[in-house]
2 protein chains.
Amino acid sequence: MRHLKDFEYIDGVIRAGSIRKAAEDMNITASALNRRINRFEVEFGYEIFERLPRGVRLNPAGELLLHHIRSQRSDFARLKSQVSDLSGVRRGHVSIACSQALLPYFLPKTIAQYRRDHPGVTFTVNNRDRVAAERELSEFASDIALVFEPRTMVDFEIVYSIAQPIHAVMRADHPLADQKTVRLRDALRFPHVAPSEKYAVRVLLETAARRTTSIEVNPAVESDSFDFMCHYSEWESLISFQFPIGLETGRTPNMIARPLAKEDVAPGNLLLGQQRGRTLPVASAKFTRELIAALQA
Amino acid sequence: MRHLKDFEYIDGVIRAGSIRKAAEDMNITASALNRRINRFEVEFGYEIFERLPRGVRLNPAGELLLHHIRSQRSDFARLKSQVSDLSGVRRGHVSIACSQALLPYFLPKTIAQYRRDHPGVTFTVNNRDRVAAERELSEFASDIALVFEPRTMVDFEIVYSIAQPIHAVMRADHPLADQKTVRLRDALRFPHVAPSEKYAVRVLLETAARRTTSIEVNPAVESDSFDFMCHYSEWESLISFQFPIGLETGRTPNMIARPLAKEDVAPGNLLLGQQRGRTLPVASAKFTRELIAALQA
DNA sequence: AAAACTGGTGCAAAATTTGCACCGCAAGCA
DNA sequence: TGCTTGCGGTGCAAATTTTGCACCAGTTTT
């Protein structure tokens with residue numbers, strides 16, 4: 001759109017770090033781009049870039065402007081989505097940042113179900129850790145996030161939250177397989193697989209283990225992929241840990257999942273969130289409601 | 001600003017009701033303006049105006065766009081205010097829609113006090129009834145509203161609320177003048193002045209009176225100006241009614257105000273509000289906090 | 001000291017926007 | 001009925017704005 005042209009260029013300069021590079025990226029002369037930027041700064045009344053010998057960088061005023069630009073863009077997209085909505089088209093795009101556990105079963109199933117009723121709606125699903133997910137929200141790069149225990153919460157507005165007790169995943173022939181619930185000290189006595197400290201599962205396990213001196217998390221195999229870890233347990237009889245939303249019980253008959261005793265380990269909180277105060281595009285808002293319903297089921 | 005030019009023009013057309021009139025208002029040719037509108041509609045992808053034989057009118061898509069335009073404008077103003085704030089200039093403008101009772105004492109005093117510390121901040125104070133006040137908020141015509149019992153509340157976000165018991169205002173020589181609190185039936189037995197049904201005071205009085213059959217509001221003089229009513233009571237010894245925030249006790253020594261017994265009449269709620277979800281400009285937000293402090297005092 | 005960057009500028013060409021004159025159309029009016 | 005008025009829309013040339021090119025001055029890297 002015409003009226004966002006300047007903003008596009010400014011955003012390009014921010015991304016490229018210098019006017020010349022940005023000009024190349026966007027198929028325009030450096031001089032033209034330079035003049036646009038200068039003219040904008042004059043009209044705006046304040047400089048927005050610091051001129052450095054190797055390029056430009058935003059000054060504080062520019063930071064504020066950047067946020068405004070992002071917000072404008074997203075707001076305009078929402079407007080368009082609303083308008084096309086009332087002309088009966090019901091199209092749209094939903095972008096989601098989510099934890100790994102949502103990737104194998106829950107999101108594919110929920111999104112497929114939604115798209116059966118709304119084939120015009122497209123999706124972007126990105127695997128992001130809790131810190132990155134929140135950053136994406138505040139940069140308007142994602143509409144909604146579905147993550148475990150996000151760390152900093154300033155821009156994260158919790159739309160829905162659900163507790164997920166950690167499950168121990170093991171082969172059906174594992175000594176602990178016949179127990180209804182698994183005690184943490186039993187599980188950790190056996191060799192086990194665990195994710196790194198970046199992940200909520202590990203943090204919750206460590207927190208629980210630190211309450212006593214006798215047990216500790218000491219993984220034989222460590223990974224940042226839950227998919228890998230669960231599959232690994234199929235080959236070597238280790239215990240791995242995962243939230244139940246990432247597990248499809250019965251899918252692989254020789255693997256079973258048992259919840260850890262809740263007196264031992266606090267459950268992880270799966271949080272559905274969006275940027276604080278933001279009005280989501282129609283499609284995203286509608287899908288969010290659908291997500292909540294699916295989480296409740 | 002350049003990038004809002006199209007929006008300015010569109011807004012002008014909406015206000016004028018026809019492209020030609022709008023063109024005249026804004027010192028541009030009708031043909032140029034027409035082409036801008038057409039080009040915008042093509043780029044936007046949807047028509048926003050209905051072409052009628054006597055002019056143009058917004059269609060539903062246009063209504064959505066209009067709201068977007070207003071919101072953009074206010075958002076950009078807020079951005080500028082934030083930017084100028086961080087360069088230390090602390091300027092700004094606050095526009096307030098308020099009930100009559102706030103006009104004589106409370107707002108002048110509070111605003112004057114605020115401007116003593118922030119001489120760069122300018123104010124617009126408009127007397128609006130509760131319906132109009134809320135409409136102004138949603139049209140971004142006012143930043144904040146201070147009204148009694150606003151009627152429809154969809155867009156009205158209550159920031160602060162304070163109960164105001166109705167006071168009976170009378171001359172010091174009135175028979176009821178020596179009572180600490182005045183019973184409603186006593187007050188209404190005497191000839192009295194009252195505002196019209198548009199005003200919260202009247203509604204509260206009527207509601208209270210309807211609880212019994214014996215008393216009714218039957219004003220000898222009716223007006224829509226509280227200023228007029230209170231002054232009228234100075235000349236003819238009638239009882240008039242007003243919220244205490246509109247009264248400066250001691251200012252006119254021959255007039256006194258006594259609260260109505262709270263078991264007879266419910267107090268009116270003075271509500272400080274803004275448009276739901278809107279982020280106010282720095283100056284308005286700061287003044288709002290000041291207002292709340294003043295209301296608490 | 002030279003090379004490779006950076007942002008900024010004068011000037012002419014290219015692209016866009018504007019104003020003018022005019023068209024067709026529907027409503028109001030006599 | 002026929003006329004006038006006010007409306008949105010359009011072709012075309014003039015006015016304005018934006019762009020690209022060549023080049024400058026300054027800083028960092030080599």
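**Group meeting: DNA strand C and the two chains**

Okay, let's start at the DNA: 19 residues sit around strand C, and those that come nearest are Ser18(A), Ile19(A), Ser31(A), Thr29(B) and Ser31(B). "Near" here says that a residue's C-beta atom, placed from the backbone, lies within 6 Å of the strand. This is a predicted model, where local features need pLDDT of at least 70, side-chain atom pairs count only at pLDDT 80 or more, and totals for chains, interfaces and linings use all residues. Residues are numbered from 1 along each chain as its sequence is written, with chains lettered from A and ligands numbered from 1 in the order in which they are written.

Which elements give two or more residues to that surface? From chain A, helix H2 (19-25), helix H3 (30-44) and strand S2 (55-58); from chain B, helix H3 (30-44). Helices (H or I, at least four residues) and strands (E, at least two) are DSSP runs, numbered from the N terminus.

Now, how do the chains meet? Each one puts in residues: 19 from chain A and 19 from chain B, with contact set as C-beta atoms, placed from the backbone, within 7 Å. On chain B's side, H4(B) gives the most, 11 residues.

H4(A) and H4(B), both residues 60-86, pack at about 175°, axes 10 Å apart. Axes are lines fitted to C-alpha atoms, for helices over the stretch in contact, and angles run from 0 to 180 degrees between N-to-C directions. So these two helices are roughly antiparallel, the word for angles over 145 degrees. Among the residues meeting there are Leu64(A), His68(A) and Leu79(A) from H4(A), and Leu64(B), His68(B) and Leu79(B) from H4(B).

Note on methods:
Angles under 35 degrees count as roughly parallel, over 145 as roughly antiparallel, 65 to 115 as roughly perpendicular and the rest as oblique. Two residues are in contact if their C-beta atoms, placed from the backbone, lie within 7 Å.
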